[in-house]
Amino acid sequence: MKIDVPEAYVPQTPESLPALLGSVAVIRDLLGGTPDTWTVEEVGDGNLNLVFKVRGPAGGIAVKQALPYVRLVGESWPLPLTRAHFEHLALVRQARHAPGLTPAVIHYDADMALIAMELLEPHIIMRHGMIDGIVYPLFAEALSTFAASTLFHTSDLAMAAADKKALVADFAGNTALCAITEDLIFTEPYMVADNNRWTSPQLDGLAASIRTDSELKVAVSRLKVKFMSSTEAMIHGDLHTGSIMVTQTDTRIIDPEFAFVGPMGFDTGAVIANLLLNYFSQIGHEDGPGARDSYRDWVLGSVEGFWNEFHSRFLALWRNEGKGDAYPSALFDDPVARIRLAREQERYMADLFADTLAFAAAKMVRRILGLAHNIDLENIADADVRATAEARALMMARSLMTSPGHYGSIEAVTAAARQWNAIEPFGAKV
Ligand code: SR1
Ligand code: MG
């Protein structure tokens, strides 16, 4: 793939960044002092980009810069810088629909593929907190608000048809990031691929059985075509717990570079998948058997809270602000029609629930068999324990993906998670 790099583009270093930012008045005012007194650290631990914290005498900012390749892999995997444009577009739109739940954008430099944002401190990446067993009481409320607001307001339920189509066009160029998802999530884990890796030899048999599981391969391909062709709403596109920064009193959703107009269930599924992966990983993080049981309860309670609150928030938005060209209010202005519409809204949510579970499953499988893993599982040093957690998650994922309709409620999903978590996938107890 040939990457267009603007002539002015220079990948930044802690040494070069102050001079670049010093030419931006709003940043100078925010940081105070002079650029030569600013301190810079590169803190990026994601798969794709550079991330800097920049501090001056008056304050700090976070700066994210795209590289023309995948950081995790290196220059052999080129990746367009335009992902910064799509991230900026999404951040601005998300801030409009979900105020207070994203980092404020301070400055965007298209040539440098760089976004300067509010520095979130003392926030940490939620995934790190969950590995340490920290409870986040505001999680379900914040994530359900973010998902319901951003998805509803960018859907045909809320938008005029022409505006919606313009939104689809705005994000249609984010093809390289979509291709990562299409390959790494919906294709490679189900075949022999160079990028794949798993806990071996423990999971060799399960990985092989997934590669010959035609029911599963049809199910994941059904999800892939939905991902490729559905234009339901502007989605975050990578809504895992590494894209959430938290304190006990504040929650922010970051990193929407994978944003495009796609299926809503991909976002809601990502949230549930990452909670479930963390749930299964607790065996590798507790001090003794059962020591994290109350944390496990909180994680599964958050799965239920997220979905149930999302469901009621989304429906409330539809009832109160459903001014889009879909389901035109002119068709539902008598009492009988309104009752039918209410039933139709429940059916719509049931379909979205089934999508959510199936997409969640795809996200669970890819983090265990594909290229990019989650540290919830990856940080478990004992490979037998790690493989036990991963096998339980894989077996649950297979059920969710092939039979999402089997789960009549989110409580049925969490009950199933408890059952899968009690099985011994390799026969003997570890
Ligand atoms: C090559 S990029 C791998 C993964 O990192 C991002 O966080 C996305 O989840 C992507 O699939
Ligand atoms: Mg990311």
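A polar contact here is a pair of N or O atoms within 3.5 Å. Keep that in mind as we walk through this predicted model, starting at the ligand.

Arginine 366 gives us such a pair: an N or O atom in its side chain sits 2.6 Å from an oxygen atom of ligand 1. Next along the chain, arginine 367 has a side-chain N or O atom 3.1 Å from a ligand oxygen. Aspartate 238 joins in too, with a polar side-chain atom 2.8 Å from an oxygen atom of ligand 1. With all that around it, ligand 1 has 95% of its 320 Å² of accessible area covered by the protein. Two elements, α7 (175-184) and α12 (335-369), give two or more residues each to the shell.

Who else is in that shell? Besides Asp238, Arg366 and Arg367, you'll find Asn47, Leu48, Val70, Ile180, Leu184, His240, Phe258 and Ala372. Sorted by class, that makes six nonpolar, two polar and three charged residues. Both domains take part, since at least three residues come from each of domain 1 (17-118) and domain 2 (124-420).

Now for some backbone oddities. Most peptide bonds are trans, and most residues other than glycine have a negative phi. Glutamate 121 and proline 122, though, are joined by a cis peptide bond with omega at about 5°, and proline 122 is in the loop between β7 (114-118) and β8 (124-125). There is another cis bond from serine 200 to proline 201, with omega near 10°; proline 201 belongs to the loop between α7 and α8 (204-211).

As for phi, aspartate 255 has a positive value near 65° and lies in the loop between β11 (251-253) and β12 (260-262). Its relative accessibility is 23%, so aspartate 255 counts as partly exposed. Tyrosine 327 also has a positive phi, about 45°, and sits in the loop between α11 (293-321) and α12. Tyrosine 327 is partly exposed because its relative accessible area is 24%, and the buried class stops under 20%.

Last stop: helix α14, residues 383-402. From first C-alpha to last, its 20 residues reach 28 Å, close to the 28 Å expected. Aspartate 382 caps the N-terminal end, placing a side-chain oxygen 2.9 Å from the backbone nitrogen of aspartate 384. Is α14 mostly covered or mostly open? Mostly covered, with 16 of its 20 residues buried. Serine 399 is part of this helix, and at 18% relative accessibility serine 399 counts as buried. Its C-alpha is 54 Å from that of arginine 28, 371 residues away along the chain.

Technical notes
Residues are numbered from 1 along each chain as its sequence is written. Chains are lettered from A and ligands numbered from 1 in the order in which they are written. This is a predicted model: local features need pLDDT of at least 70, side-chain atom pairs count only at pLDDT 80 or more; totals for chains, interfaces and linings use all residues. Side-chain values use heavy atoms; hydrogens and water are left out. Helices (H or I, at least four residues) and strands (E, at least two) are DSSP runs, numbered from the N terminus. The expected span of a helix is 1.5 Å times one less than its number of residues. Buried means under 20% relative accessible area, exposed over 50%, partly exposed in between (1.4 Å probe, protein chains only). A polar contact is a pair of N or O atoms within 3.5 Å; within protein, one must be able to donate a hydrogen and the other to accept it, and residues adjacent in sequence count only if both atoms are side-chain atoms. A residue is near a molecule or strand if one of its heavy atoms lies within 4 Å of it. Accessible areas come from the Shrake-Rupley method with a 1.4 Å probe; for residues, only the protein chains shown count as cover. Ala, Val, Leu, Ile, Met, Phe, Trp, Tyr, Cys and Pro count as nonpolar, Asp, Glu, Lys and Arg as charged, and the others, Gly among them, as polar. Domain bounds come from an automatic or database domain assignment.
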